[in-house]
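Here is a friendly tour of one protein chain, with the spots a modeller may want to look at. Have the viewer open and follow along.

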Amino acid sequence: MSIKVPADQNKTNVATSEREKLEKRIAQLCRFIGRSPWVFHVNSGSCNGCDIEIIAALTPRYDAERFGVKLVGSPRHADVLLVTGPVTDQSLERVKLVYEQTPDPKIVIAVGACPTGGSVFYESPFTNAPLSNVIPVDVYVPGCPPRPEAILHGVVLALEKLAKMLKGEVPEGEEK
């Protein structure tokens with residue numbers, strides 16, 4: 001007698017293989033770049049939902065740190081900026097300053113619905129969403145909040161663009 005596994009129970013295997021693909025791609029890109037990508041996280045007025053998912057991407061289940069993708073304490077050491085939140089008026093100048101302090105070549109990833117399009121804060125008089133109105137954005141990770149897999153996929157896209165920038169294929173500051 002054989003036991004059949006329902007199709008719904010096989011989804012965990014699909015997710016695992018997708019995660020493994022992302023992990024392999026991050027490792028390949030880090031080897032190509034020749035260094036570990038360091039990330040600086042900028043919270044520009046978010047509800048912290050996206051921030052929690054960023055931390056989840058760094059914890060042992062997804063473990064982006066084993067490839068060298070790690071959070072740094074200063075934008076002057078960062079290769080990648082992860083920005084969450086709708087960019088409130090209070091954080092506007094800070095976001096611009098952090099962007100200017102990050103050395104070139106740099107990649108900006110907008111994480112969540114707020115910096116990508118404004119979400120519920122779209123026409124609020126106290127926000128400056130979307131983030132692309134404030135600083136150039138290279139990669140958008142939609143979701144409210146996005147899953148850690150989506151954030152890792154955004155990091156892969158960012159690393160691919162960084163690799164192209166280092167090879168001289170894409171001028172710095174130019175969007176895809």
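## A buried aspartate and its partner

Let's begin with one side-chain pair: Asp 51 and His 41 are joined by a polar contact of 2.9 Å. Please keep in mind throughout that this is a predicted model. Asp 51 sits in helix H2, which spans residues 49-58.

Which side chain of opposite charge is nearest to Asp 51? That is Arg 94, at 9.7 Å, and Asp 51 has no salt bridge although it is buried. A salt bridge needs a nitrogen to oxygen distance within 4 Å, so a side chain 9.7 Å away does not qualify. Once sequence neighbours within four places are set aside, the contacts of Asp 51 are His 41, Asn 43, Ser 46 and Thr 84.

## Two nonpolar cores

Next comes the packing. The largest nonpolar core holds 29 residues, and those with the most contacts inside it are Ile 26, Val 69, Ile 107, Ile 109, Val 111, Leu 152 and Leu 159. Two or more residues each come from helix H1 (11-33), H2, strand E3 (80-84), strand E4 (107-111), strand E5 (139-141) and helix H5 (148-167). H5 gives the largest share of this core, with 8 residues.

A further core of 17 residues lies apart from that one, and its members include Val 42, Leu 131, Val 134 and Ile 135. As general background, nonpolar side chains in soluble globular proteins tend to be buried together.

## Helix H3 and its two faces

Helix H3 covers residues 92-101, and its buried residues are Leu 92, Val 95, Val 98 and Tyr 99. Why do these residues count as being on the same side of H3? They cover an arc of only 135° around the axis, so they share one side of the helix. The general rule behind such patterns is that an α-helix has 3.6 residues a turn, so residues three or four places apart point the same way.

What covers the buried residues of H3 includes strand E1 (38-43), E3 and E4. On the face turned away from the buried side, H3 carries the exposed residues Glu 93 and Glu 100.

## Backbone details in the loops

Two cis peptide bonds are worth a look if you plan to check omega angles. One joins Asp 104 and Pro 105, with omega about -5°, and Pro 105 lies in the loop between H3 and E4. Another joins Cys 144 and Pro 145, with omega about -10°; Pro 145 belongs to the loop between E5 and H5.

Positive phi values in residues other than glycine turn up as well. Asn 48, in the loop between E1 and H2, has a phi near 80°. In the loop between E3 and H3, Val 87 has a positive phi of about 60°. Are these two residues buried or exposed? Asn 48 counts as partly exposed because its relative accessibility is 39%, whereas Val 87 counts as buried because its relative accessibility is 0%.

## Salt bridges

How many salt bridges does a search of the whole structure find? The search gives 3. Asp 138 and Lys 161 form one of them, at 3.0 Å from N to O. Asp 138 lies in the loop between helix H4 (113-117) and E5, while Lys 161 is in helix H5, so this pair ties together parts that are 23 residues apart in sequence. Asp 138 is buried, at a relative accessible area of 14%, and Lys 161 is buried too, at 2%.

Asp 104, already met at a cis peptide bond, also takes part in a salt bridge: its side chain meets that of Lys 106 at 3.6 Å, N to O. Here the partners are set apart by burial, for Asp 104 is exposed with a relative accessible area of 54%, while Lys 106 is buried with 11%. The side chains of Glu 149 and Arg 147 also meet in a salt bridge, at 3.3 Å from N to O. Arg 147 is exposed, with a relative accessible area of 53%.

Methods
Residues numbered from 1 in each chain as written. Predicted model: local features only at pLDDT ≥ 70, side-chain atom pairs only at ≥ 80, totals over all residues. Heavy atoms only, no water. Helix = DSSP H or I, 4+ residues; strand = E, 2+ residues; numbered from the N terminus. Buried < 20%, exposed > 50% of the residue type's maximum accessible area, 1.4 Å probe, protein only. Lys, Arg positive; Asp, Glu negative; His and termini not counted. Polar contact = N/O pair within 3.5 Å; in protein donor to acceptor, adjacent residues only side chain to side chain. Contact = heavy atoms within 4.5 Å. Core = buried A, V, L, I, M, F, W, Y, C linked by side-chain atoms within 4.5 Å. Arc of directions from axis to C-beta.
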